[in-house]
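Hello,

Here is the structure I promised to pass along. Have a look at it first, and then read on for what turned up.

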Amino acid sequence: AIAENVLQESRIENLIAAKGFTDSVVYIDGERCRVVVQAANLQQQESLQILEIVVSQSAVPADKVQIVASAA
C-alpha cells in the first residue's frame with residue numbers, strides 16, 4: 001500500500017508540474033491527500049484543476065483533499 005501511495009504521489013506531482021506548478025509536494029495518507037504547491041496564491045480554477053488531478057489519479061474523495069499554496 002505504501003509503494004502504491006508513493007507511485008500515486010509521484011504521478012500527481014508530475015501532472016501538477018505539467019499545469020505549470022514547478023514545485024509541489026503530494027502526501028497521501030489513507031483516504032486523505034494534502035497538496036502543497038509553491039505559489040503566492042491559487043486561483044479557484046487552479047485549485048479545481050489540482051483537485052481534478054488528485055481525484056482522477058487516486059482513490060481519495062474530493063472532500064478529503066487539502067490544497068495549500070506556499071510562497072516559500
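Which pattern does the chain follow when read along the sequence? The answer is α-β-β-α-β, made up of two helices and three strands. Please keep in mind that this is a predicted model.

On overall shape, the radius of gyration of the chain is 11 Å, which agrees with the value near 11 Å that a compact globule of 72 residues would have. Along the principal axes, the C-alpha atoms fill a box of roughly 35 × 20 × 20 Å. If we take contacts between residues at least 6 apart in sequence, 52% of them join residues at least 24 apart.

Now the inside. Buried residues account for 26% of the 72 in the chain. The largest nonpolar core has 15 residues, and the members that touch the most others are Ile16, Cys33, Val35 and Ile50. Two or more residues of this core come from each of helix H1 (2-18), strand E1 (24-29), strand E2 (32-38) and helix H2 (44-57). Ile16 is a good place to start looking: beyond its neighbours within four places in sequence, Ile16 contacts Phe21, Ser24, Val26, Val35, Ile50 and Ile53.

And the outside: the accessible surface of the chain is about 4,700 Å², with 50% of that belonging to carbon and sulfur atoms. As for charge, there are 9 negative and 5 positive side chains, and 3 Å separates the centres of the two sets.

Happy browsing, and best wishes!

Methods
Residues are numbered from 1 along each chain as its sequence is written. This is a predicted model: local features need pLDDT of at least 70, side-chain atom pairs count only at pLDDT 80 or more; totals for chains, interfaces and linings use all residues. Side-chain values use heavy atoms; hydrogens and water are left out. Helices (H or I, at least four residues) and strands (E, at least two) are DSSP runs, numbered from the N terminus. The radius of gyration is taken over C-alpha atoms; the globule rule is 2.2 Å times the number of residues to the power 0.38. Buried means under 20% relative accessible area, exposed over 50%, partly exposed in between (1.4 Å probe, protein chains only). Contact means heavy atoms within 4.5 Å. Accessible areas come from the Shrake-Rupley method with a 1.4 Å probe; for residues, only the protein chains shown count as cover. Lys and Arg count as positive and Asp and Glu as negative; His and the chain ends are not counted. The place of a charge is taken as NZ of Lys, CZ of Arg, CG of Asp or CD of Glu. A nonpolar core is a set of buried Ala, Val, Leu, Ile, Met, Phe, Trp, Tyr and Cys residues joined through side-chain atoms within 4.5 Å.
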